[in-house]
Amino acid sequence: MSDFVLTDKPEQQNIIDLTGICQSYDGGQNYVIKDLNLVIEDKPAQGQFVVILGMSGSGKSTVLRYIAGLQQPTEGAVLIHGKPVGGGAKRASMVFQQYSSLPWMTVLDNVGLALRYEGIKKSARDAKAMELIEMVGLAGHENKYAQYPSLSGGQLQRVAIARSLLANPDILLMDEPFGALDIRTRLQMQDLLMRIWNKFHSTIIFVTHDIREAIYLGDDIYILKSQPSRFVKHIHVDLPLNRTNEVKRNPRYNELVHEVEDLMMTVAEMG
Ligand SMILES: Nc1ncnc2c1ncn2[C@@H]1O[C@H](COP(=O)(O)OP(=O)(O)OP(=O)(O)O)[C@@H](O)[C@H]1O
Ligand SMILES: [Mg+2]
């Protein structure tokens with residue numbers, strides 16, 4: 001466990017680099033984010049699971065929006081594979097807490113959406129989309145509209161995950177994706193995500209308020225302080241990879257839960 005340090009190595013291209021990020025919404029009188037840095041190394045054959053924790057309003061969604069290219073900071077650089085977002089690198093796609101799918105389109109069309117923009121013909125698009133629909137356990141639902149209640153909350157998140165994977169399995173941004181789900185569905189979705197991660201070796205950046213979820217899923221956890229926001233703590237989760245529910249009985253898991261809870265309280269007092 002360490003204070004947050006910039007681990008930029010010039011010889012290696014990082015998958016994500018946020019450097020010197022500052023954010024003001026009132027022309028520079030007040031800064032909600034100041035000197036925020038985040039470096040995520042590229043681990044191509046392995047991928048990684050990064051979790052962002054922070055109090056409400058600490059800038060977690062904003063950080064994901066920067067990486068997705070949905071927002072530009074007032075100051076600072078946001079690089080993906082060493083290139084400015086939108087400047088050549090493939091865009092990362094985002095799974096939100098809710099409303100991630102287009103309700104007027106079927107599951108099949110939602111999942112295949114990215115290929116439509118690439119001009120790929122419908123039969124090829126549908127075949128690729130079906131592979132992912134099967135992978136996330138939604139076969140048989142592909143012709144339903146992607147809306148509640150014909151699909152449950154958990155099923156709708158499966159649609160969003162499948163769509164993101166098809167668009168770009170390299171980087172997946174997930175903003176409290178399981179926040180609205182019941183405990184059983186949530187645990188099932190966590191395990192689905194682990195399986196996906198093992199298959200695609202994606203870099204997943206995952207926002208949650210749930211510390212147990214953060215430790216179960218994450219390899220590395222970064223904690224944001226607020227007012228103004230920046231990353232202040234990095235925790236490497238020293239639990240075995242390829243986790244299953246068994247890990248929750250590992251004493252180290254429970255120790256980490258307590259350590260991170262304490263850290264969150266310390267960081268909350270910082271601002
Ligand atoms: N357009 C805006 N104008 C003014 N302030 C904004 C704007 N957008 C975001 N903010 C502020 O930026 C800060 C970070 O917001 P953000 O939504 O990223 O927080 P968060 O950590 O995702 O919170 P939560 O856990 O509640 O989702 C907040 O203080 C918010 O009020
Ligand atoms: Mg948020």
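Here is a friendly talk about a predicted model of a protein with a ligand.

Student: How many helices and strands are there in the protein?
Tutor: Good place to start! Both kinds of element occur here, with 11 strands alongside the helices. The helices number eight, so the full answer is eight helices and 11 strands.

Student: Which radius of gyration does the protein have, and why does it agree with a compact globule?
Tutor: Begin with the chain length, which is 271 residues. A compact globule with that many residues would have a radius near 18 Å. The value for the protein agrees with this, and it is 19 Å.

Student: What share of the residues of the protein count as buried?
Tutor: A residue counts as buried if 20 or more other C-beta atoms lie within 10 Å of its own. Applied to the 271 residues of the protein, the buried share is 37%.

Student: Which helix gives the most to the shell around ligand 1?
Tutor: Let's look at who surrounds ligand 1: among them are Y25, V32, G54, K60, S61 and T62. The shell divides into two nonpolar, seven polar and one charged residue. One helix, covering residues 60–68, gives three residues to the shell. The helix that gives the most is α1.

Student: Which residues in α1 are buried?
Tutor: Nice follow-up! K60 is one of the residues around ligand 1, and K60 is also buried in α1. Taken together, the buried residues of α1 are K60, V63, L64, Y66, I67 and A68.

Student: Which residue follows α1, with a positive phi?
Tutor: Look just past the end of α1, which covers residues 60–68. The residue that follows has a phi near 75°, and it is G69.

Notes: Residues numbered from 1 in each chain as written. Chains lettered and ligands numbered in written order. Predicted model: local features only at pLDDT ≥ 70, side-chain atom pairs only at ≥ 80, totals over all residues. Near = placed C-beta within 6 Å. Helix = DSSP H or I, 4+ residues; strand = E, 2+ residues; numbered from the N terminus. Nonpolar A, V, L, I, M, F, W, Y, C, P; charged D, E, K, R; others polar. Rg over C-alpha atoms; globule rule 2.2 N^0.38 Å. Buried ≥ 20, exposed ≤ 12 C-beta atoms within 10 Å, placed from the backbone.
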